[in-house]
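Here are my notes on this one, point by point. Have the structure open while you read.

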Amino acid sequence: MIDLRSDTVTRPTEAMRQAMFEAPVGDDVFGEDPTINRLEEYVAELLGKEAAIYAPSGTMTNQIGVFVNTRRGDEVFVHEGAHIFNYEAGAPALISSVQVRTLPGAGGVILPETLRAAVRPENVHFPHPSLLCLENTHNGAGGKIFPLEDFAAVAAEARELGLRVHLDGARLFNAQVATGVPAREWADLADTVSVCSSKGLGAPVGSLLAGDAETIREARRARKAFGGGMRQAGVIAAASLYAFENNIERLAEDHRRAKRLAEGLTEAGYTVEPPETNIVLVEVGDAEGFLKALAAEGVLVTPRSASAVRFCTHLDVGDEEIEAAIEAAGKISVETLKQ
Ligand code: TLP
C-alpha cells in the first residue's frame with residue numbers, strides 16, 4: 001500500500017531508533033529527564049521563546065495553549081477550518097469551558113477587519129474575548145502558508161483588542177522551508193506556539209508548546225492535570241529531538257513531491273489546488289467512490305469533503321511511490337466519478 005493519508009503515518013528510521021535506544025532518561029515529572037530537558041531547550045531556542053514543554057500530541061499542546069490563555073466562559077476566535085475547532089473532539093468546550101467563535105478567511109487567513117468585527121465590547125451580556133488561534137500551515141486549506149505580513153497584521157489587531165494569540169504550528173516548519181522565513185518570525189507574533197515532531201519531521205510521537213517562562217510553568221500544571229505528565233519519556237523524546245535536529249530541511253522533498261503529484265493528477269484530468277507545501281487537495285466529484293477505487297489500486301488518501309480528497313506527502317514516500325499514485329489515480333475514470 002502507498003499511504004498518502006497523512007504525514008503522521010511515518011515510521012521511525014534506524015538512525016532515529018538508535019537515538020531512542022541511546023537516550024539518557026529520568027523522571028520528567030521531577031524535571032529530571034535529560035533528553036526531554038534538552039529537547040525543550042532546543043525547541044524553545046528554535047522558536048525564540050523562553051521555554052517549551054513536551055507533550056504526547058499536538059492536540060494536547062493546542063489544548064494546553066487554549067487552557068493557559070483563557071478563563072472559563074471566555075470567547076476564543078478560530079478560523080472555521082481550524083484543527084482546534086474541527087478535529088480535537090470538542091476539547092475547548094470539554095476541557096477549558098470556553099466558547100469558540102469561528103471566523104471565515106480565504107486560505108485559512110483571518111483578516112484584521114474580520115476579527116475586529118467579531119470581537120464585542122465590554123458588556124455584561126457578552127463573554128470576555130480572550131484568545132485568537134491561528135494555524136500555519138493551514139491543514140484544512142490544503143497546507144497553505146499564512147503569509148508573515150498577514151499574520152503580523154491580524155496578531156497586531158488581536159493585541160489591540162486585548163486578545164492573546166496561540167499558533168497551531170503543527171506544520172510550521174513546512175512554512176519555514178517553503179518560504180525561507182524562519183519559524184521564529186511567526187512564533188514571535190504569538191504568545192504560545194504548538195509544534196509537532198510527529199508530522200513531516202517523522203517522529204512517532206511528540207509535540208511541544210513554547211512561550212514565556214511564566215506561561216510554560218502554568219502549562220506544566222495543565223499538562224499534569226490533562227494526564228500528560230510522563231516519566232522516563234526521554235526514550236520517545238529522543239525521536240523528537242532527532243527529528244528537529246535532522247529532518248527540517250528534508251521537508252523540501254515532500255513539497256517537491258506534492259508539486260509533482262499535483263501536476264500528474266492535473267494531467268490525469270483532476271481539478272487540483274496548486275500545493276504550497278506537502279498537502280494536495282483534489283476535487284474528485286465523489287470522494288467516497290474515489291477513495292474505494294484508489295484503495296483497490298493500492299493507494300490510500302483521506303476524504304476532505306463529499307467531493308474532495310487530501311493527498312499528503314511525507315518521509316516514507318519517495319518518487320517511485322508518487323509516480324505509482326499518479327498512475328493509479330489515472331486508471332480511475334474522472335468522468336464516472338463526476339456523475
Ligand atoms: N492532524 C491530523 C488529523 O488530526 C486531521 C492529520 O492527519 O493532518 N494541528 C494540526 C494543524 C494538525 O494537522 C494536527 C493533526 C494536529 C494539530 C493534532 O496533532 P496530533 O495528531 O499530534 O494530536
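1. Start at Asp-168: an N or O atom in its side chain sits 2.7 Å from a nitrogen atom of the ligand, which fits the polar-contact cut-off (a pair of N or O atoms within 3.5 Å). The protein covers 81% of the 510 Å² of accessible area that the ligand has on its own, by the Shrake-Rupley method with a 1.4 Å probe.

2. A word on the basis: this is a predicted model, with local features needing pLDDT of at least 70 and side-chain atom pairs counted only at pLDDT 80 or more, while totals for chains, interfaces and linings use all residues. Residues are numbered from 1 along each chain as its sequence is written, and side-chain values use heavy atoms, leaving out hydrogens and water.

3. Two ligand oxygen contacts are worth a look. Thr-59 puts a polar side-chain atom 2.6 Å from an oxygen atom of the ligand, and for Asn-139 the corresponding distance to a ligand oxygen atom is 2.9 Å.

4. Which residues come nearest to the ligand? Out of 14 around it, they are Ser-6, Gly-58, Thr-59, Asp-168 and Arg-171; to count, a residue needs a heavy atom within 4 Å. Helix α3 (residues 58-68) gives the largest share of that shell, three residues; helices here are DSSP runs (H or I, at least four residues).

5. On to the domains: the assignment (automatic or from a database) gives domain 1 (14-246) and domain 2 (250-338). Their centres, over C-alpha atoms, are 28 Å apart. Contact (heavy atoms within 4.5 Å) involves 17 residues of domain 1 and 14 of domain 2.

Terms used. A polar contact is a pair of N or O atoms within 3.5 Å; within protein, one must be able to donate a hydrogen and the other to accept it, and residues adjacent in sequence count only if both atoms are side-chain atoms. Helices (H or I, at least four residues) and strands (E, at least two) are DSSP runs, numbered from the N terminus.
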